[in-house]
Amino acid sequence: MKRVIPVLVLSVAGLIPVWRYEPSTGTTSTTEAASTPSVSSSTSSSGSSGSTTFTGTTVTTEKGDVQVQVTFDGDKITAVEMLKQPNHPQTTAAVPKLIVETLTAQSADIDTVSGATLTSDGYKESLQAAIDAEAAAASASPSASASAAASASRTVAGSTVATEKGDVQVQVTFDGDKITAVEMLKQPNHPQTTAAVPKLIVETLTAQSADIDTVSGATLTSDGYKESLQAAIDAKGA
């Protein structure tokens, strides 16, 4: 009996490594760490000449209107900016998540943010419209491009110009070569600026260029407006 006990002990000890390294038969999930892309809210004036900006449709939801503007470098989405969104805390929290997912997925096939279903759905619909517009422009054949350009409406955001009063940025809509609309994306919160902007826009639509007069009492805003406007015109012609 004294000789049997050590043999049993050694047998059990020999089984331990077998149990320890026995392969698992269950399903193993692997999480791959991905870098989070930065969220851009404006178009850089130093972007490549191939950068284009398309505005999605305005989608009406029960919480409010949703509209996005998408910047592409070639066929890559490099920035998404919210032009319209509901004034709601859940929307404010959801928008950065939606933008990050868009930059990662490079499409509108993204998840709905919990607690902001209406905003998420409106965002994805407006985003898809902008993506479709870019795809249609990119797929136009060289022979059809010239005739399509004359009738196609295109929206381009100018650079953000920092002034002592605050940032100024304009967005210009072209119908062919004609400027049909100008929208202020950023402007100083100042009474003189508020009064000057409509005058600047009217002058732009009349002159069809950035060669317009400075509005008295709003020199800084006027200069910033003209610089951003010229950047948008240059980008459209590139």
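1. In which helix does lysine 124 lie? In this predicted model, lysine 124 belongs to helix H3, a segment that spans residues 117-139, and the points below begin with the surroundings of this side chain before turning to the rest of the chain.

2. Lysine 124 deserves a careful look in the structure above. The residue is buried and yet has no salt bridge, since the nearest side chain of opposite charge, that of aspartate 121, is 4.2 Å away, whereas a salt bridge is defined by a nitrogen-to-oxygen distance within 4 Å. Once residues up to four places away in sequence are set aside, the residues that lysine 124 touches are Ala108, Ile110, Asp111 and Thr112.

3. Helix H3 also takes part in the largest nonpolar core, to which strand E3 (65-73), strand E4 (76-84), helix H2 (89-105) and helix H3 (117-139) each supply at least two residues. This core has 21 residues, and those touching the most other members are Val68, Val70, Ile77, Tyr123 and Leu127. The largest share, five residues, is supplied by H2.

4. Valine 68 gives a local view of how this part of the chain is put together. With neighbours within four places in sequence left aside, the contacts of valine 68 include Phe54, Thr55 and Gly56, together with Val80, Glu81, Met82 and Leu83, and further along the sequence Tyr123, Ser126 and Leu127.

5. A second core, separate from the one just described, consists of 19 residues, among them Val170, Val182, Met184 and Ala218.

6. Valine 172, located in strand E7 (residues 167-175), is worth inspecting as well. Is this valine buried or exposed? Valine 172 counts as buried because its relative accessibility is 0%. Not counting residues up to four places away in sequence, it touches Arg154, Thr155 and Val156, as well as Ile179, Ala181, Leu229 and Ala232. Its C-alpha atom is separated by 9.2 Å from that of lysine 236, although the two residues are 64 residues apart along the chain.

7. For the chain as a whole, there are six helices and eight strands, which follow one another along the sequence in the pattern α-β-β-β-β-α-α-α-β-β-β-β-α-α. Of the contacts with a separation of 6 or more, 49% join residues 24 or more positions apart.

8. As for exposure, buried residues make up 34% of the 238 residues in the chain. The accessible surface comes to about 14000 Å², and carbon and sulfur atoms account for 53% of that surface.

Note on methods:
Residues numbered from 1 in each chain as written. Predicted model: local features only at pLDDT ≥ 70, side-chain atom pairs only at ≥ 80, totals over all residues. Heavy atoms only, no water. Core = buried A, V, L, I, M, F, W, Y, C linked by side-chain atoms within 4.5 Å. Buried < 20%, exposed > 50% of the residue type's maximum accessible area, 1.4 Å probe, protein only. Helix = DSSP H or I, 4+ residues; strand = E, 2+ residues; numbered from the N terminus. Contact = heavy atoms within 4.5 Å. Lys, Arg positive; Asp, Glu negative; His and termini not counted. Areas by Shrake-Rupley, 256 points an atom, 1.4 Å probe, with all protein chains shown as cover.
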